[in-house]
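Me: Can you walk me through how the chains sit together in this one? Here it is.

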2 protein chains.
Amino acid sequence: MADKNLIKHALNVTRTQNFAGWYQEVISEGDLAEESGVRGCMVIRPWGYGIWERIQKLMDAEIKAAGVDNCYFPLFIPLSFFEKEADHVDGFAKEMAVVTHHRLVGDGKGKLIPDPESKLEEPLVVRPTSETVIGAAMSRWVQSWRDLPLMVNQWANVVRWEMRTRMFLRTSEFLWQEGHTAHVDREDALKETMRALEMYRAFAEGPLAMPVVAGEKPENERFPGAVATYSIEAMMQDGKALQAGTSHYLGTGFAESSGIRYQDKEGSQQYAHTTSWGVSTRLIGGVIMTHGDDDGLRCPPQIAPHQIIIIPMLRDNDDDEVVLEYCRTLRTELLALSAFGEPLRVLLDTKATKASNKRWSWVKKGAPIIVEVGPRDVSEGKAAVLRRDRLYKDDGKLATAFTPRAEFVSGAVAMIEDIQATLYAEAKARMDANIRRDVTDLATHFAGDEAGFAGWVEVQWARPTGAALDKIVEQLKALKLTMRNSPLEAAAVDGACFFTGEPAVERILIGRTY
Amino acid sequence: MADKNLIKHALNVTRTQNFAGWYQEVISEGDLAEESGVRGCMVIRPWGYGIWERIQKLMDAEIKAAGVDNCYFPLFIPLSFFEKEADHVDGFAKEMAVVTHHRLVGDGKGKLIPDPESKLEEPLVVRPTSETVIGAAMSRWVQSWRDLPLMVNQWANVVRWEMRTRMFLRTSEFLWQEGHTAHVDREDALKETMRALEMYRAFAEGPLAMPVVAGEKPENERFPGAVATYSIEAMMQDGKALQAGTSHYLGTGFAESSGIRYQDKEGSQQYAHTTSWGVSTRLIGGVIMTHGDDDGLRCPPQIAPHQIIIIPMLRDNDDDEVVLEYCRTLRTELLALSAFGEPLRVLLDTKATKASNKRWSWVKKGAPIIVEVGPRDVSEGKAAVLRRDRLYKDDGKLATAFTPRAEFVSGAVAMIEDIQATLYAEAKARMDANIRRDVTDLATHFAGDEAGFAGWVEVQWARPTGAALDKIVEQLKALKLTMRNSPLEAAAVDGACFFTGEPAVERILIGRTY
């Protein structure tokens with residue numbers, strides 16, 4: 001819309017120039033996170049952590065409403081727990097942080113070392129996920145069918161020793177929630193698996209304004225030990241797929257290795273059917289790459305720590321108190337309003353920084369509405385209102401609207417709701433436009449598109465297994481492609497498998513990924 | 001009050017028989033927590049974790065209201081960070097979990113081992129506290145006086161390799177919040193130190209109904225590197241002291257080792273003055289040992305996950321739906337009410353367990369009000385109401401009150417508030433009665449009181465340092481006593497130091513501890 005030649009964007013790198021570089025700049029300029037100096041671990045800064053707190057608050061309410069209880073399980077898992085679970089211990093090799101000592105001492109030469117005297121008899125693994133330790137607890141808690149379903153969740157940090165890390169998307173330590181449930185039978189467990197998947201879909205498309213496709217992962221992409229893995233996949237602005245949440249039906253496998261058994265109504269012993277499901281701080285990466293523009297993040301109002309920022313234009317003179325008083329009144333008026341069932345979150349930014357620097361700092365953070373108030377606005381009873389989702393006018397100038405205060409206040413809730421809806425609609429249109437169903441040759445379609453702007457391709461396939469599946473996976477890998485999921489809501493199949501020519505049984509999405 | 005001979009308490013162990021055994025039984029019978037099978041790490045079960053969530057919610061609001069921003073910092077701290085901070089590296093020896101490898105592999109003989117190929121160049125320590133890593137971040141974030149005060153907090157897990165552990169009180173892994181702030185000068189930092197201390201005092205005596213004494217720790221009990229350490233100390237029912245929260249003024253020492261410097265208004269470089277302050281899941285241990293009785297926990301209403309439990313007496317017959325409908329209506333009526341500024345939390349317990357088992361299960365958990373409803377109550381328009389803080393009548397029978405429904409509902413908020421007040425008043429009277437100011441000989445006073453029922457002794461002292469202080473500490477240690485803190489609100493001193501005979505300068509509390 002805006003004449004791009006006139007706009008000097010707030011970031012140095014644009015999305016089309018260098019998507020990965022742009023992503024890093026949004027994160028650093030938006031004060032979302034930064035490298036910590038500890039390999040693969042990030043510091044989540046207040047604005048980024050505030051978004052995570054919003055996600056936690058809204059998601060936790062959904063989890064509790066489903067009758068799931070929050071608990072807390074140990075950070076450390078004894079190595080033997082992994083032996084129990086591993087199919088083939090000798091072929092096992094997994095990247096995990098291993099604790100081997102319990103004391104630091106000086107080495108007599110000015111350096112600290114792990115005290116050799118403090119070596120643990122059994123090393124401890126820092127949890128990469130908690131199926132094993134929660135399974136052990138469930139085996140103590142479940143005796144009878146009356147104890148089922150048993151549904152627990154924890155909000156926790158987990159560690160996976162990633163070789164190549166990227167903030168929010170793939171870090172050695174990350175924050176997440178992991179739900180774990182045990183049920184009497186397959187039907188009840190599958191119902192819970194699908195409930196969690198639908199909770200994630202609605203959460204992504206609601207509070208995150210991030211359209212996704214919910215579906216089942218192909219066999220080769222299943223969580224190890226799962227009977228079925230479902231995911232929500234979101235399309236980033238470079239066309240790549242981000243797996244944004246997963247829900248697993250684990251059958252009785254984990255119950256067997258953990259000993260989760262119950263006496264059924266007839267008095268015989270049965271293994272429980274279990275599920276697990278999780279989303280993580282990766283969602284924040286998804287929000288950035290779904291909604292960010294060349295001026296930084298555009299944060300959906302439902303998860304913005306502050307929805308409206310009021311910036312008083314202070315000049316160190318007598319007008320200042322009048323301006324501040326006007327801003328305080330405006331804030332009070334806005335705080336009395338609610339959007340999405342919660343009071344508006346409104347910040348009066350009185351830090352000792354230049355007002356124009358503040359404006360651009362909040363633009364880069366993606367605050368949904370930025371309001372500036374100077375002495376002239378006070379005398380005219382107005383406010384200078386900037387919507388973050390529509391920053392520029394057609395002529396490339398900032399689309400600041402000088403609005404009578406009462407008019408702004410009375411329209412604020414509708415504006416907040418409209419920004420949320422606009423962000424979703426934009427992203428949804430982009431995703432829909434970039435899922436192609438008419439592609440006959442993947443190599444041609446994705447040729448010269450290392451950055452992934454070609455989006456996704458939906459094909460129908462016969463869902464082969466074993467060697468036939470391996471062959472497809474290899475073919476795709478050669479093109480740097482992966483199968484994302486088989487959408488739950490897809491058109492009926494009709495005809496031959498894209499890969500094998502056999503009769504197709506379902507549709508599947510193919511694309512590049514992170 | 002109640003005729004004890006008639007009462008069959010819900011626990012097997014009473015407080016007077018075996019306080020430590022009683023404590024363990026409250027925890028296991030109240031479904032608060034359990035051993036995890038991982039050394040020193042506990043599983044926090046739903047009711048215990050629900051109490052922690054309540055503590056988090058209320059405390060977090062106080063922290064945010066003080067202008068402190070939540071962040072998240074890495075779990076792992078490189079060993080070199082501790083070298084920077086340590087005064088004497090060669091004499092350093094601290095119990096910490098040390099990560100030395102990043103991969104698990106099979107050893108070819110059916111066992112998993114840390115892969116020798118994956119040894120880290122620099123071992124990582126699992127954070128015991130985050131001063132060093134947060135200091136490193138602050139050194140990046142602080143440049144000018146305009147950046148100060150910088151106030152951050154994190155809710156996190158930390159690990160200290162404890163040799164003797166006790167659930168909630170001392171576990172290898174525990175959950176806490178740690179606030180870290182940087183200021184322009186001593187005055188501003190001390191103000192924040194005292195603000196945090198007062199926040200903890202008000203929180204303990206408010207939501208936790210747990211009376212405490214706020215004061216300064218003696219020099220030998222300071223946090224390493226602190227210029228001054230303040231604490232709140234709570235008296236448990238066995239008379240021992242529990243350090244329930246600490247707030248440290250760290251001077252410029254941490255700023256110097258981390259490089260937190262700022263340019264002041266005159267343009268010269270200054271080191272910031274820093275503080276840190278924290279409370280942990282230990283608070284739950286304090287609540288148990290302050291309010292528990294021989295029937296289990298009595299949970300203060302403000303931190304009870306559910307404040308009112310409604311138990312329908314179902315008999316698998318046609319009356320059931322009528323009873324359930326009556327209970328649902330009762331719950332709806334109660335949910336419309338608020339206590340302590342929040343809607344009442346009311347659970348309708350419809351699990352497939354016998355109603356009388358349910359009652360005792362909620363008694364042991366300490367739900368503040370338990371309401372039972374049977375067909376007869378429905379026909380009479382009543383409810384059988386049991387207050388957890390007054391479980392028995394004088395004759396030793398349960399003090400169940402058959403109350404007209406409307407009367408119960410209209411009095412429910414007052415009852416909730418009265419239970420909170422009663423728990424505090426009971427504990428306050430006990431603490432006050434067990435602080436003795438007339439003791440002249442500690443050995444005699446504490447003789448034969450290994451369990452600690454002798455409470456605390458307040459004396460006046462000259463606050464000696466160095467060798468004179470060491471001598472006092474040794475004398476006390478021989479009696480298994482420690483100095484707790486010098487109360488901020490103590491009577492003026494008058495006369496000689498209890499220990500040295502020199503002129504006293506302040507009062508100090510002495511007692512046994514955990």
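Reply: Let's take the symmetry, then the contact, then the strands. Keep in mind that this is a predicted model.

Me: OK. What turn lays chain B on chain A?

Reply: A turn of 180 degrees, with a shift of 0.0 Å along the axis. The RMSD is 0.1 Å. That is how a two-fold axis relates copies.

Me: Which residue of chain B comes closest to the rotation axis?

Reply: B:Val99. Its C-alpha lies 2.0 Å from the axis.

Me: And the contact, how many residues does it take from each chain?

Reply: Chain B gives 68 residues, and chain A gives 68 residues. The copies meet through the same surface, because 100% of the interface residues of chain B are also interface residues in chain A.

Me: How much area is buried between them?

Reply: About 5,900 Å². Carbon and sulfur atoms give 63% of that. Three residues, B:Tyr72, B:Leu104 and B:Leu112, supply 13% of the area chain B buries against chain A, more than any other three.

Me: Switching to charges. How many salt bridges cross the interface?

Reply: The rule finds eight. One joins A:Arg103 to B:Glu95, with the closest N and O atoms 2.6 Å apart.

Me: Which strand of chain B gives the most to that side?

Reply: Strand β5, residues 93–106, with 14 residues. By class, the side of chain B that touches chain A has 40 nonpolar, nine polar and 19 charged residues.

Me: In what sense does β5 of chain A pair with β5(B)?

Reply: Antiparallel, over nine bridges. There, B:Glu95 is the bridge partner of A:Arg103. So this pair turns up twice: as strand partners and as a salt bridge.

How values were computed. Residues are numbered from 1 along each chain as its sequence is written. Chains are lettered from A and ligands numbered from 1 in the order in which they are written. This is a predicted model: local features need pLDDT of at least 70, side-chain atom pairs count only at pLDDT 80 or more; totals for chains, interfaces and linings use all residues. Side-chain values use heavy atoms; hydrogens and water are left out. Copies are superposed by least squares on the C-alpha atoms of residues with pLDDT of at least 70 in both. Contact means heavy atoms within 4.5 Å. Buried area is the accessible area (1.4 Å probe) that two parts lose on being put together, summed over both. A salt bridge is a side-chain nitrogen of Lys or Arg within 4 Å of a carboxyl oxygen of Asp or Glu. Helices (H or I, at least four residues) and strands (E, at least two) are DSSP runs, numbered from the N terminus. Ala, Val, Leu, Ile, Met, Phe, Trp, Tyr, Cys and Pro count as nonpolar, Asp, Glu, Lys and Arg as charged, and the others, Gly among them, as polar. Two strands pair if DSSP finds at least two bridges between them.
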